[in-house]
Amino acid sequence: MQSWSAPQIPVVPGRGPQLRLYDSADRQVRPVSPGPKATMYVCGITPYDATHLGHAATYLTFDLVHRLWLDAGHTVHYVQNVTDVDDPLFERAERDGIDWRALGDRETQLFREDMAALRVLPPHDYVAATDAIAEVIELVEKLLASGAAYVVDDPNEPGYPDVYYRADATTQFGYESGYDRETMLRLFGERGGDPDRAGKSDELDALLWRAHRPGEPSWPSPFGPGRPGWHVECSVIALTRIGTGLDIQGGGSDLIFPHHEFSAAHAESVTGERRFARHYVHAGMIGWDGHKMSKSRGNLVLVSRLRADGVDPGAIRLGLLSGHYRADRSWSRQVLDEANTRLARWRSATALPAAPDAADVVARVRQYLADDLDTPKALAAVDGWCTDALSYGGHDTESGRLVAATVDALLGVDL
């Protein structure tokens, strides 16, 4: 699957400190220590609606990681999926009277356009779930052979044998989220799981392969025609495109359980590794009017709508980066107004023919971003330099260009 075009990234002289990020499994900020090639898997969209600011905030988070790795001299192997076969897609397609493939293609293309406009660096591999069916089948076969998976023929739907993963197949299951069983069961039911499915060994066991039902797409397999479960597609795509020893598995905080817990467990069951990823990194939720931004609430702020209204994508980035990536935070007209004002001041200051020396602000931006992506402090550091430049001027004829290059390279904002 084609991703989107990559923006040009300027090279900033020097190097910043080692990146440190909060690890959801360890519940602490600790160093990220990739080799020469840094690897990252971030869960992509289910393309049944347009990109909203919650999506954008997540992908901006990992865009910062990508940029900091490049700035540190690493090559980056970044993989992202598209869940182009799933119940929400089928439900929306049926509601709107459109083929599910056409709906998925349309919304994926809009997502690409939004990411390109926001200057998000594209993944090295952009993989649709439907392009990984053969690999999913192979992994499910391995899980069945090892006893980590089993077949369930629902008495309410005879003739439709589904394949389930045993939640207790690895002794470490639950380490990523740290949730107790009661919390797991609640979230499992709320986020696509089926704890009440008859015939399962355990309420938490997760669907690996859904047997074909009338009106649903399916693919042939040794265990019957059907389609992949949600979690297994990410396990497979990460393992086949990157392999073991993943540096970061990332996504929104609503994916910690069950999605990331199970996708890690599936992979660990076939590789025998204790941890699927060295770091589990999650971005907070974006709200509007005191509520989480979600399709079910109908309170989405769409990136494409903002762009159509003439909002500068740089202001969208600055508005989302004005809060810390791990914090649940709200979008508002005030956030956008402040971002527009900041963007205008930064452009004015960096366009001056001479300005204060930029070495200190460049070092501080690197330092703050390396410290668990502290964008509020990084933005404040640039604000301070811009205030000095606009108020007092300076004698350095190259500093404006250096600050602009730093903002572009590290924060992704084109001045």
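The legends below describe an overview and several close-up views of one predicted protein model.

The model is predicted, with local features requiring pLDDT of at least 70 and side-chain atom pairs counted only at pLDDT 80 or more, while totals for chains, interfaces and linings use all residues. Residues are numbered from 1 along each chain as its sequence is written, and side-chain values use heavy atoms, with hydrogens and water left out.

**Figure 1. Overview of the protein chain, with 13 helices and 14 strands.**
Helices (H or I, at least four residues) and strands (E, at least two) are DSSP runs, numbered from the N terminus. The radius of gyration is 23 Å, close to the 22 Å that the globule rule gives for 415 residues, so the chain is as compact as a globular protein of that length; the radius is taken over C-alpha atoms, and the rule is 2.2 Å times the number of residues to the power 0.38. Along its principal axes, the C-alpha trace spans about 80 × 45 × 35 Å. Buried residues account for 55% of the 415 residues, where buried means under 20% relative accessible area, exposed means over 50%, and partly exposed lies in between (1.4 Å probe, protein chains only). Of the contacts between residues at least 6 apart in sequence, 78% join residues at least 24 apart, a contact being heavy atoms within 4.5 Å.

**Figure 2. Strand S8 and its two antiparallel pairings, with S7 and with S9.**
Two strands pair if DSSP finds at least two bridges between them. Strand S8 covers residues 206-211, and 5 of its 6 residues are buried, so the strand is largely enclosed by the rest of the structure. Strand S7 (residues 161-165) pairs with S8 over 3 bridges in the antiparallel sense, and in this pairing Tyr-164 stands opposite Leu-207. Strand S9 (residues 226-228) is likewise joined to S8 by 3 bridges and runs antiparallel to it, with Arg-210 standing opposite Arg-227.

**Figure 3. An open sheet of 3 strands in the order S13-S12-S14.**
The pairing within this sheet is mixed. Strand S13 (291-292) and strand S14 (329-330) stand at the edges with a single partner strand each, so one side of each is left without a neighbour in the sheet. Strand S12 (residues 286-288) pairs with S14 in the parallel sense over 2 bridges, and Gly-287 is found opposite Ser-330 of S14.

**Figure 4. Surroundings of Asp-63 in helix H1 and of Arg-119 in a loop.**
Asp-63 belongs to helix H1, which covers residues 53-71, and Asp-63 is buried with a relative accessible area of 2%. Leaving aside residues up to four places away in sequence, Asp-63 touches Arg-119, Val-120, Leu-121 and Arg-317. Arg-119 lies in the loop between helix H3 (100-117) and strand S5 (125-128), and is itself buried at a relative accessible area of 16%. The phi of Arg-119 is near 60 degrees, a positive value in a residue other than glycine.

**Figure 5. Cys-43 in the loop between strand S3 and helix H1.**
Strand S3, which comes before this loop, covers residues 37-42. Cys-43 is buried, with a relative accessible area of 5%. Not counting residues up to four places away in sequence, Cys-43 touches Tyr-59, Gln-80, Asn-81, Cys-234, Gly-250, Leu-255, His-259 and His-260. The C-alpha atoms of Cys-43 and Thr-387, which are 344 residues apart along the chain, are separated by 39 Å.

**Figure 6. Two backbone features, at Pro-258 and Leu-373.**
Most residues other than glycine have a negative phi, and most peptide bonds are trans. Here a cis peptide bond, with omega about 5 degrees, joins Phe-257 to Pro-258, and Pro-258 lies in helix H7 (residues 256-271). Leu-373 has a positive phi of about 55 degrees although it is not a glycine. The place of Leu-373 is in the loop between helix H11 (359-370) and helix H12 (375-392), where Leu-373 counts as buried at 1% relative accessibility.

**Figure 7. Gln-2 in the segment before strand S1.**
Strand S1 covers residues 20-23. At 63% relative accessibility, Gln-2 counts as exposed. When residues up to four places away in sequence are not counted, Gln-2 touches Arg-112 and Tyr-126. Gln-2 and Asp-168 are 166 residues apart along the chain, and their C-alpha atoms are separated by 37 Å.
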